[in-house]
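Please walk me through this structure. Start with the whole chain, then turn to the ligand.

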Amino acid sequence: MGEECCGPGESPPIDIEEVHDLLNYIAGEFHPPSSERWIDDFSPATGIRIARIPCSDQQDVDAAVSAARAALPEWSALTHAQRADWLDKIADALEERSEEVAQLESLDTGKPITLARTVDAARSVDNFRFFAEYVREFVPETFEMQGATNHVVYKPVGVAGLITPWNLPLYLLSWKVAPALVMGNTVVAKPSELTPMTACLLAEIIDDVGLPAGVFNMVHGRGENVGSRLTSHSDVDLISFTGGTETGAKVATSSSSTFKKLSLELGGKNATIVCADADFDKTIPGVVRAGFLNQGQICLCGSRILIEESIYDEFVGRLIDETNSMKIGDPSDPETDLGALVSAEHLAKVSGYISLAEEDGGTVLTGGSQPEGIPEQFASGNWLAPTIIDGLSPNSRCAKEEIFGPVVTLHPFSSEKEALDIANSTDYGLAGSVWTSDLDKGRRIAEGIETGMVWVNTWLHRDLRVPFGGIKHSGVGREGGRWSLSFYSHAVNICIKHD
Ligand code: NAD
């Protein structure tokens, strides 16, 4: 099962009354697709169709870009503080509906409701509040020189195309929308076709608070239609893309001939380095969380666990126990730790990597198949028990390619150098973590890992002011704090000669 582009009358046999039709939001109005074609949206936990979204095409994208362009002069003329007030209004309205955000996110992605409440819903509100506050405190630089003063002025870039993935739908969309708007750009957003629900809720909220028509627009549909039209559109000035590395390459190619400002936040294959002196009681829950949060479907997940040889057996034993203690099942149960994978296609891809690991001589220590005891109502969902694989070469495909599911591989190391050689042996360079009671060593190893972010004795501990982004095939550019303000603007120098 997966999403299908259906013409009228081609839908699967489910009562249409139960299914919501979600709409595009263009120039302050909700619109069905001009093509009259739809994409089905399925619940990952049950396999049941829960919504239909527009299967939009070039006509819808062009209308949204025109609306964004028309709204630009008035929106960009506001001050940072005036736009920050709009962000606060959106944050307030979003906060009032945060339980709805959490419920929809859990339904649409298959993630546990507790995670959706504490991470997705909470962070989406925080993103708007953070950038509102941050821009109010933002003081553009001045540089004095002999006989003149240089003023740096941050001007809007123009129409911003924002393209997002399915794993943290509203969390990542709001991470782009908030800084794009506050710096004076107008927006055309293209959420993932797999998880459109909370993006629609955001459009509703933006409409309710009365943001001027055309400042924020949203077009649903497939990447190859909507996404690629946005990235190649001559009237789109900036693309912020978060998604897979392969898609990122297409986005880079497509947007290059029109010289768009471009940010690419792409895939990862992150190492978790566990030193012999690590505090097991804190490290084991931390490593399990890093490996499996959101069913391992976070670009920052630590899916390669490198363990110092002298503690290998003991650590692995306790890692398996901790992993097996997680509760997997009904995403709406507040006690659930792990939910379903996003789609049947994705489950097949992740399961394919487990088969490949076995062919390559790996041993599945736990997991590897559908978990036991999944209730009948979830029989058609996309379930996979958290999986730990031992015995693979660090150069095997499962150890080097992004699996993006609840699958980790284990690798022993005998020296810092060997740990770093393994950690740095992938094409990716997004994140990593080091676990040790010697903080100098932790810092030293962290500096040796070729990635954009490294945590020591923690993981996904985020301060929104810090730079976020990857190197190598994990992306180009940085977002977060002043890096976002700078990406979503053109820094212009005005040099004034003194009398
Ligand atoms: P994806 O690349 O398949 O899709 C991402 C978005 O791009 C979707 O909205 C999709 O419709 C759109 N798209 C697809 N083809 C396109 C094209 N040709 N032109 C323009 N847009 C197109 O990624 P996904 O499967 O949705 O997400 C998983 C990937 O995202 C993983 O690789 C993960 O590591 C990565 N990710 C990275 C970060 C980060 O911050 N670095 C965060 C979350 C997810």
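The overall fold comes before the ligand site.

This is a predicted model, in which local features need pLDDT of at least 70, side-chain atom pairs count only at pLDDT 80 or more, and totals for chains, interfaces and linings use all residues. Residues are numbered from 1 along each chain as its sequence is written, and side-chain values use heavy atoms, with hydrogens and water left out.

The chain has 15 helices and 24 strands (DSSP runs numbered from the N terminus: helices are H or I, at least four residues; strands are E, at least two). Its radius of gyration is 23 Å, close to the 23 Å from the globule rule for 499 residues, so the chain is as compact as a globular protein of that length. That radius is taken over C-alpha atoms, and the rule is 2.2 Å times the number of residues to the power 0.38. The C-alpha trace spans about 70 × 70 × 40 Å along its principal axes. Of the 499 residues, 57% count as buried (under 20% relative accessible area, 1.4 Å probe, protein chains only).

Now the ligand. It is surrounded by 29 residues, each with a heavy atom within 4 Å of it. The closest are Thr164, Glu193, Thr247, Leu266 and Glu402. A ligand oxygen lies 2.5 Å from a side-chain N or O atom of Glu402. For the side chain of Lys190, the distance from a ligand oxygen to an N or O atom is 2.8 Å. A polar backbone atom of Gly244 is 2.8 Å from an oxygen of the ligand. Helix H7 (223–232), strand S12 (238–242) and helix H8 (245–256) each give two or more residues to the shell.

How values were computed. A polar contact is a pair of N or O atoms within 3.5 Å; within protein, one must be able to donate a hydrogen and the other to accept it, and residues adjacent in sequence count only if both atoms are side-chain atoms. Buried means under 20% relative accessible area, exposed over 50%, partly exposed in between (1.4 Å probe, protein chains only).
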